[in-house]
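Reader: I'd like to go through a model with you and ask where its labels come from. Could you show it to me?

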Amino acid sequence: MPEKYAFIDVLESIKTPKNLKGKESHYISHGSINEIEKVCAGIKQKVLFSEKECREIERKIDEVGDNARRGKYKSHTWDTAPLRNKYFFGEGYTYGSQMARKGPGQEKLYEKGAIDPIPEWINRIVVKRLEDEKLLPKNWITSAVINDYLPGGCIVSHVDPIHIFDRPIVSVSFFSKCALSFGCRFSFKPIRVTDPVVCLPMDRGCATSISGFAADDITHCIRPQDVKSRRAVIILRRTLDTAPRIGDPVSSRVSPRRERRSVDPMYLRNKDDRKRHSREDSEINNKRRRSDTDYIRGGKRHKEQAKDVKIENNKSEKDTSPTHSDDPVVKRSFTRRPKPFFM
Ligand code: SIN
Ligand code: MN
């Protein structure tokens, strides 16, 4: 089957972002040319679904929500929080407060059969198109996750667990335009997000594939300010045969992917970030969020939004210590440079 849809020139669109209305635009990348090139080398994008097809898929996503509320799914299929619903199909894994031992590398797949199978329509409409367009190998994915965000919902910076999921990680966006941001750090009370190294717009109906540096060596997140109206994503991944599973006999074996992994020291440069991250992590676990990767502001949203604006405009936050010599592509940030952390 010949490919019908063109790849977007991601690097070019990041270097020359369009539709920017001065400071109003959120879609600005703050990394150096070198950083942006490294990230973009691992990103592929194609708009694959028409308006009509998006409407059909969005109706199906609504049906998934209805099924969940009617109790039609197994308990680990649906994870809900005030500004986000998450549905796991095929495979699901423990994360956040569900984990007996917390931290990156501790995630485990649920027992076989603990999660509902991938709905037929996801394979027929979405996966088939991704396979035809060479964004996914044939019969490869074992997991489909739907994240359904309300305005202001977000996912904090993380790397999809490298001992659980193979690469590429492919997703398709629905309902509204959003952006995937790379290399941001979050802080809380009030929520704040540092400027992204790369901010990748994702249009409705657009498929995004990440691998290499973009998937393994820099974190990605969805910032709350980029979810302006309801937005959903379907994430298609393959779980590794070596991925640990609840109920497995305890093993000291290190997965091949972990052994292979090489990390750019620039993105793992400071112990302080890891410490800060674990502080944030426990704080959020204790107080405000239900999962490791998703932070939901819930009832405090509006108050915190107002505070956010104040802090974003507060130039006393200005950072005068550049972390490296490359020039940023679009504009130099007045807030602190992002120092990504791992989840
Ligand atoms: C994720 O990485 O978990 C979600 C990404 C997205 O919402 O597009
Ligand atoms: Mn992710």
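Author: What follows is a set of questions on the labels, each answered with the value and its definition.

Author: Some ground rules come with it: this is a predicted model, in which local features need pLDDT of at least 70, side-chain atom pairs count only at pLDDT 80 or more, and totals for chains, interfaces and linings use all residues. Residues are numbered from 1 along each chain as its sequence is written, chains are lettered from A and ligands numbered from 1 in the order in which they are written, and side-chain values use heavy atoms, with hydrogens and water left out.

Reader: Let's start with the ligand. Which residues surround ligand 1?

Author: The shell is made of Asn147, Tyr149, Ile155, His158, Leu180, Met202, His220, Ile222, Arg231, Val233 and Ile235. To be near a molecule, a residue needs one of its heavy atoms within 4 Å of it.

Reader: How do the residues of that shell divide into nonpolar, polar and charged?

Author: There are seven nonpolar, three polar and one charged. The classes go by residue type: Ala, Val, Leu, Ile, Met, Phe, Trp, Tyr, Cys and Pro are nonpolar, Asp, Glu, Lys and Arg are charged, and the others, Gly among them, are polar.

Reader: Which strands each supply at least two residues of the shell?

Author: Strands S4 (143–149), S5 (154–158), S12 (220–222) and S13 (231–237) do. S13 gives the most, with three residues. Strands here are DSSP runs of E with at least two residues, helices are runs of H or I with at least four, and both are numbered from the N terminus.

Reader: What makes the pairing of ligand 1 with Arg231 a polar contact?

Author: The cut-off is a pair of N or O atoms within 3.5 Å; within protein, one must also be able to donate a hydrogen and the other to accept it, and residues adjacent in sequence count only if both atoms are side-chain atoms. An oxygen of ligand 1 lies 2.8 Å from an N or O atom in the Arg231 side chain, so the pair qualifies. His220 offers a side-chain N or O atom at 3.0 Å from a ligand oxygen, and for His158 the distance is 3.3 Å. Taken alone, ligand 1 exposes 260 Å², and the protein buries 92% of that. Those areas come from the Shrake-Rupley method with a 1.4 Å probe, and for residues only the protein chains shown count as cover.

Reader: Where does ligand 1 sit?

Author: Ligand 1 is in the largest cavity. A cavity is a set of points, on a 1 Å grid over the protein atoms alone, where a 1.4 Å probe fits but cannot get out. Sitting in one takes more than half of the molecule's atoms within 2 Å of its grid points.

Reader: On to single residues. Why is Asp226 called buried?

Author: Buried means under 20% relative accessible area, exposed over 50%, and partly exposed in between (1.4 Å probe, protein chains only). Asp226 has 0%, so it is buried. You'll find Asp226 in the loop between S12 and S13, and its side chain makes a 2.8 Å polar contact with that of Arg223.

Reader: How do you know that Arg245 counts as buried?

Author: Arg245 has 14% relative accessibility, which falls under the limit, so the label is buried. Arg245 lies in the loop between S13 and helix H6 (256–260). Its C-alpha is 10.0 Å from that of Gly92, though the two are 153 residues apart along the chain.

Reader: Why is Ser187 called partly exposed?

Author: At 22%, Ser187 falls between the two limits, so partly exposed is the label. Ser187 belongs to strand S8, and 9.5 Å separates its C-alpha from that of Val156, 31 residues away in sequence.

Reader: What makes Asn139 exposed?

Author: Its relative accessible area is 72%, which is over the limit, so Asn139 counts as exposed. Asn139 sits in the loop between H4 and S4 and has a positive phi of about 50° although it is not a glycine. Lys134, with a positive phi of about 60°, lies in the loop between helix H4 (120–132) and S4.

Reader: And why does Gly31 count as buried?

Author: Gly31 has 0% relative accessibility, so it meets the buried criterion. Gly31 is in the loop between helix H1 (10–15) and helix H2 (33–40). Pro196 is 165 residues away in sequence, yet the C-alpha atoms are 7.1 Å apart.

Notes: On a 1 Å grid over the protein atoms alone, a cavity is a set of points where a 1.4 Å probe fits but cannot get out, and a pocket is an open set with protein on both sides within 12 Å along at least five of seven lines; lining residues have an atom within 4 Å of a point.
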